[in-house]
Amino acid sequence: MAGAIAMTTPRDTATATHDGTSGRPGDPLRVAVIGGGPGGLYAAALLKRLDPRREITVWERNAPDDTFGFGVVLSDETLGGIEHADPVVYAALQDEFVRWDDIDIVHRSVRQTSGGHGFAALGRRRLLEILHDRCRSLGVDLRFRAPAPPVAELMAAHDLVIAADGVHSATRTAHADVFGPSVEEHRCRYIWLAADFAFDAFRFEIAETEHGVMQLHGYPYAPDASTVIVEMREEVWRAAGFADLDEEQSVEQCGKIFADTLGGRPLRSNKSAWTTFRTVVNDHWSHENLVLLGDAAHTAHFSIGSGTKLAVEDALALAACLEEQPGLTQALAAYEEERRPVVASTQRAARASLEWFEDIRFHLGQPARQFAFNLLTRSRRVTHDNLRLRDARFTESVEREFGCPPGTPPMFTPFRMRGLTLRNRVVVSPMDMYSAADGVPGDFHLVHLGARALGGAGLVMTEMVCVSAEGRITPGCAGMYTQRQADSWRRIIEFVHRQAPGTAIGVQLGHAGRKGSTKLMWEGIDEPLDDGNWPLVAASPIPYKPGSQTPRELSRAQLTDLREQFVSAAWRAARCGFDLLELHCAHGYLLSGFLSPLTNRRTDGYGGDLTRRLRFPLEVFDAVRAVWPEERPMTVRISATDWADGGTTGDDAVEIARAFAAHGADAVDVSTGQVVSDERPDYGRSYQTPYADRIRHETGVPVIAVGAISSWDDVNSLVLAGRTDLCALARPHLYDPHWTLHAAAEQGYDGPGIAWPMPYRAGSRPPRTGRTDAPKPRLTLGT
């Protein structure tokens, strides 16, 4: 680990060159640090300690006792790195820390407390004093009230220049052409304040005012002081009049809003100002002998307490890489390679957290315990299983309120849609197999779908089943436009119902539109066929990507024919015995092409605003619903965002879902993207879930969440938090057809939410592995 630096003596080293072609570990010797925050100071102290011969200068434009904010929270992981790298700093921090375990969440005058979390905090000013003292004791040259010389001059005069000059980094701006910065401003205003008493827990307080929702984040940082952050959306901030208040008036008004939390005690400020959070991302973190560190390189929202933590960890990693690598170029590359994945993961968690607070109004109607659980798991870093380890009593209380029978994980609770009751919340997501012949599903589909039905999921979905030969994506796609195809599907359905009783099987009907007539996935995904192409149709004559076939714009008569193709396929699917039907209106296929403004440029009644773009998909939905048995549920899959400028937005997705629900959709399967080829998805663990969450809470329609949900812990967390009703998993079911059965076994569950096929019953416990119960040492002999 980069933090595990234990060097205590100088090395006999030569000065490194800027290109890294010479020098040995321990170089460079002349180091300039721009910015005297925790990251810059700690980097200076580490580098000086590792090689006392280094000449290290820190330029800080403010006075030594100038600081913004109040308390700093550090994790045990970060403290472990500090302990190994510099016991002197670690010991000084230990003497100052305020520690606590609980999180209090107060909503509508009800307080929920969750314990076992473990926090350590101290005042930011005291942290800087400790680092100042350490730097001075080591011989670092600290220059306060001294703006740094121009970057070019520093680079010419030093072997290494560390830019730790914060979120508004002038260094990053000066070299934007090489760092490639992206700065995103978010939707909430917040202000850092303090109270002259110590909270006894990390406290979240929700205030529902006449102007909108406001929230307080508070935590102790000294025996007699707490940090208090007040946050609200921009429109709430303006409606409440904060835009017209000065600093003193803002502080006073915040104190009144949260008077109960503060016990009537006043708040205080320190040059505090309302601001919006900015997420900083850079394509590159170094340039020649210049490197970015901390907020200059990246930021993560304060609601997961990560800014100082990331900066300190950057300093640890940079120092380690300079020790380990043969030259500067290699060291800076290694530093970025090591830190970038960690930072990206933290930023994803921070984004999930900040967006949860931006949209907190959607969750206010939840029961008190579920609301608290939702807040605690908002970043996806704290999960159901993790929270159970921290505070089993609290987690069990949330489960009881949700309706989990004793000993039943949330994922194994039933869910009802019309006349269909699913025994658990797991769905095998539709996955194109490209293995049909003339649209006929064969033995491969029988084994593929049959195995996953035997694997325990509550609902198994087919791949997209095409409503016509011209509606296929590839020659290997399955269909439902001939009797032979229907007979083959009936064979599969009968197997599932007979051999996996209690497992439902659903069909997803769709038409490829402009994304059709392409090669099998493994031969060239989305690439046109070399020969044998069939003509394509779509909402508008726009090819999917350069080199793709240009579709014909559908005429009104063709729209009627297409609608009838869906109706015929639905009628056949009903006679086959499918338990559920899903209409595919996502991923850029034909019906999705009508919904997105990027793919629908029509000037008739089926193009234009969202109401008109919805018209044909809703006509198809209504026609299919009319022939689909009343007692059987019908869902619709949508792309909630196109991940592209000018495309479908989250606001649009809510209206699309609301429209389908009004027409009788029993649930909305919320996916994203794949509508345009130049999309820019924001990938990450369960990255599509926030769209499902928002749709569920704004429209009240049940949702199916999809997208990088990979563990049973994720499923339990999402369901129990009320962010989704069902979870659809694809790749995990390719890796393990019995994923749901194994999830039950790993959680020690064997209730009605799961059914082991009798031939598999002997495998309901994990097989034994090598011996792990060897006798442990009982005596420790002295030396």
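## Barrel and pocket in a predicted model

The end C-alpha atoms of residues 411-744 lie 9 Å apart, and this span is 36% helix and 16% strand. Helices (H or I, at least four residues) and strands (E, at least two) are DSSP runs, numbered from the N terminus. An unreviewed UniProt entry annotates residues 411-744 as "domain: NADH:flavin oxidoreductase/NADH oxidase N-terminal"; such annotations may be inferred rather than shown by experiment.

This is a predicted model: local features need pLDDT of at least 70, side-chain atom pairs count only at pLDDT 80 or more, and totals for chains, interfaces and linings use all residues. Residues are numbered from 1 along each chain, and side-chain values use heavy atoms, without hydrogens and water.

**Barrel.** 8 strands close into a barrel, ordered β20-β21-β22-β25-β26-β27-β28-β29, with parallel pairing. Pairing takes at least two DSSP bridges between two strands. Neighbouring strands are turned by 30° on average, direction ignored. V428 has V460 in β21 as its bridge partner.

Two helices pack here (contact: heavy atoms within 4.5 Å; angles run from 0 to 180 degrees between N-to-C directions of axes fitted to C-alpha atoms, for helices over the stretch in contact).

| Helix | Strands | Angle |
|---|---|---|
| α22 (615-627) | β25, β26 | about 165° to β25 |
| α24 | β26, β27, β28 | about 170° with β28 |

**Pocket.** The second largest pocket has a volume of about 1500 Å³. Its 44 lining residues include R351, E355, W643, D682 and Y691, the closest to its centre. A pocket is an open set of points on a 1 Å grid over the protein atoms alone where a 1.4 Å probe fits, with protein on both sides within 12 Å along at least five of seven lines; lining residues have an atom within 4 Å of a point. Volume is the space filled by probe spheres set on the points, which are joined across faces, edges and corners. α12 gives the most to this lining, 9 residues.
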